[in-house]
Amino acid sequence: MSTPGPDHISWRYLKSIITNDRCLLKIIQIANACIDLEFWLSHFKLSNMVVIPKPNKNNYNSSKSFHSIVLLNTTGKLIKKAISNRLQFHLSANDFLDSHQFRGICQQSTTDTGIYLTHLIRAVWLRQCYMSVLAFDITQFFPSLNHQFLSLCLTKAGLNTNVICFFNSYQSNYSTSYS
């Protein structure tokens, strides 16, 4: 089940909208305009944090019995995903992503990660050695990323000024309401 964000549009409804070619074209035009104008709409920067009880708790008297979820603007999420895929394609095509970057990259699955890790382990075994593996997920890395550093990386990746300025706009002035 999915709960709509501040725009009150559910994924199911949005998926039915984009099956219409004219509607899909309009959403693509909005994404292109955001990049061309170097501006991420403030409407897409709104979110709503909802605190919900964790299931099967005996006592709901402490904060540990609850968790929060952030509901984002659904249309904004769709456009963000389209822009992300375009950016990922550009970065991959220009060899800017490390070939061993797996999470969040199209055509890089958990299976690919396992195969690569198995290859490394077997290569070490052939040399009669042992190997330790440390894995971590940097999911919360992006919100704490230095924005100037990201701009430098995007410049080094060969992206044009419109894209870099768009990301600068994208990263600023978010607003969250609490329910």
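In this predicted model, helix H2 (residues 21–36) and helix H6 (residues 161–170) pack at an angle of about 95 degrees, and their axes are 7 Å apart. The two helices are therefore roughly perpendicular to each other, because angles of 65 to 115 degrees count as roughly perpendicular. The chain as a whole contains 6 helices and 3 strands. The points below begin with this helix pair, then turn to the overall layout, the sheet and several individual residues.

**The packing of H2 and H6**

- On the H2 side, the contact is made by Cys34, Ile35 and Asp36, while H6 contributes Asn162, Val163 and Phe166.
- Sorted by class, the residues of this contact are 4 nonpolar, 1 polar and 1 charged.
- Cysteine 165 also belongs to helix H6.
- With a relative accessible area of 26%, cysteine 165 is partly exposed, because this class lies between the buried limit of 20% and the exposed limit of 50%.
- Cysteine 165 and leucine 37 are 128 residues apart along the chain, and their C-alpha atoms are separated by 8.8 Å.

**The chain as a whole**

- Along the sequence, helices (α) and strands (β) follow the pattern α-α-β-β-α-α-α-α-β.
- The chain has 179 residues, of which 23% are buried.
- Among contacts between residues at least 6 apart in sequence, 61% join residues that are at least 24 apart.

**The sheet**

- The strands of a sheet pair through backbone hydrogen bonds, and the pairing is either parallel or antiparallel.
- Here, 3 strands form an open sheet in the order E2-E1-E3, and the pairing is mixed.
- Strand E2 (66–72) and strand E3 (175–178) stand at the edges; each has a single partner strand, so one side of each is left without a neighbour in the sheet.
- On average, neighbouring strands of this sheet are turned by 30 degrees against each other, with direction ignored.
- Strands E1 and E2 run antiparallel and are joined by 7 bridges.
- In this antiparallel pair, valine 51 stands opposite serine 68 of E2.
- Strand E1 (residues 46–53) and strand E3 run parallel and are joined by 4 bridges.
- In the parallel pair, leucine 46 has serine 175 of E3 as its bridge partner, and serine 47 stands opposite threonine 176 of E3.

**The two sides of helix H5**

- Which residues of helix H5 (residues 147–156) are buried? They are Leu150, Ser151 and Leu154.
- These buried residues cover an arc of only 100 degrees around the axis, which puts them on the same side of H5.
- Gln148, Leu152 and Lys156 are exposed on the other side of H5.
- After H5 comes glycine 158, which has a positive phi, near 85 degrees.

**Threonine 75 in helix H3**

- Threonine 75 is located in helix H3 (residues 74–93).
- Is threonine 75 buried or exposed? Its relative accessibility is 15%, so threonine 75 counts as buried, because buried means under 20%.
- When its neighbours within four places in sequence are left aside, threonine 75 is in contact with Asp7, Ile9, Leu14 and Phe44.

**Two asparagines with positive phi**

- Asparagine 56 is found in the loop between E1 and E2.
- The phi of asparagine 56 is near 60 degrees, which is a positive value in a residue other than glycine.
- The relative accessibility of asparagine 56 is 76%, so this residue counts as exposed.
- Asparagine 173 is found in the loop between H6 and E3.
- Although asparagine 173 is not a glycine, its phi is positive, at about 60 degrees.
- Asparagine 173 has a relative accessible area of 68% and is therefore exposed, because exposed means over 50%.

Key
Residues are numbered from 1 along each chain as its sequence is written. This is a predicted model: local features need pLDDT of at least 70, side-chain atom pairs count only at pLDDT 80 or more; totals for chains, interfaces and linings use all residues. Side-chain values use heavy atoms; hydrogens and water are left out. Two strands pair if DSSP finds at least two bridges between them. Axes are lines fitted to C-alpha atoms, for helices over the stretch in contact, and angles run from 0 to 180 degrees between N-to-C directions. Angles under 35 degrees count as roughly parallel, over 145 as roughly antiparallel, 65 to 115 as roughly perpendicular and the rest as oblique. Contact means heavy atoms within 4.5 Å. Ala, Val, Leu, Ile, Met, Phe, Trp, Tyr, Cys and Pro count as nonpolar, Asp, Glu, Lys and Arg as charged, and the others, Gly among them, as polar. Buried means under 20% relative accessible area, exposed over 50%, partly exposed in between (1.4 Å probe, protein chains only). The arc is that of the directions from the helix axis to the C-beta atoms.
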